[in-house]
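Here are three short exercises on salt bridges, each with a worked solution. Keep the structure open beside you as you go.

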Amino acid sequence: METTSLNADPAELHKFSELAHHWWDPESEFRPLHEINPLRLDWINRQTKLQGKHVIDIGCGGGILSEGMASHGAQVTGIDLSEKALGVARLHLYESELQVDYQKISAEEIAADRPNSFDVVTCMEMLEHVPDPASTIAACAQLAKPGGMVFFSTLNRNPKAYLLAVVGAEYILRMLPRGTHEYSRFMKPSELSRHARDAGLIVEELIGMSYNPLTRRYRLGNDIGVNYLVRCRKPA
């Protein structure tokens, strides 16, 4: 199947493929992912008790979250459409000595092959990079077992998010390469929630993630103005 027929943007795949060798460098362009990973991992684990759970990580990239969930005892499948990112992810398993099943496949394809298969589905920092986020959300819902939990994180679409996530992070603080994000693809919580409900999911929690440039630390809280996370459940 040609990449153009998938729910994927070839320019986005190329962009992240070119950076793939930096995935596990905590001082690289992926530093923010390394810094937020303990927060999102702890949040997911508190809600699901990952030990022994079957988990799929949609858009896993180099495997930062996938490995984190595996370290908590989950049986993790990580999928992505970037062969370079998956190569880095597989290589890092030799260092971490963890087990993750990495596959190059789209969310829609694996959902058709393995519906109702996973206790936990994660799709973090990905929806703002695909042409049709509703399709990805529907695939996540299809992958979850009845009673399973689905987690999303993305960027809100408002002037504050544009100033902080694009102008601030990419041009002033240079935390991310210029062009990492396309503002028009940011998604309001109401839009994500609507897509989740349309896919048959129950939205159970909406929480914000904020960054303090003085302390250089992230924290979870009530401010959903820029980064936010959503926890959903598939009806049993």
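**Exercise 1.** Find the salt-bridge partner of Lys145 and say where each residue lies.

*Solution.* Start with the contact: Lys145 pairs with Asp119, their closest N and O atoms being 3.3 Å apart. Next, place them: Lys145 is in strand S5 (residues 144-155) and Asp119 in strand S4 (residues 118-124), so this pair ties together parts 26 residues apart in sequence. A salt bridge here is a side-chain nitrogen of Lys or Arg within 4 Å of a carboxyl oxygen of Asp or Glu. Strands (E, at least two residues) and helices (H or I, at least four) are DSSP runs, numbered from the N terminus.

A word on the source: this is a predicted model, where local features need pLDDT of at least 70 and side-chain atom pairs count only at pLDDT 80 or more, while totals for chains, interfaces and linings use all residues. Residues are numbered from 1 along each chain as its sequence is written, and side-chain values use heavy atoms, leaving out hydrogens and water.

**Exercise 2.** Are Glu205 and Arg231 buried or exposed?

*Solution.* First, the contact: their side chains meet in a salt bridge at 3.0 Å, N to O. Then check accessibility: both Glu205 and Arg231 are buried (under 20% relative accessible area; exposed is over 50%, partly exposed in between, with a 1.4 Å probe and protein chains only). Finally, look around: salt bridges with shared partners join Glu204, Glu205, Arg231 and Arg233 into one network.

**Exercise 3.** How many salt bridges does a search of the whole structure find?

*Solution.* The search finds 10. One of them links Asp42 and Arg46, at 2.9 Å between the closest N and O atoms. Both sit in helix H2 (residues 31-48), 4 residues apart, about one turn of the helix.
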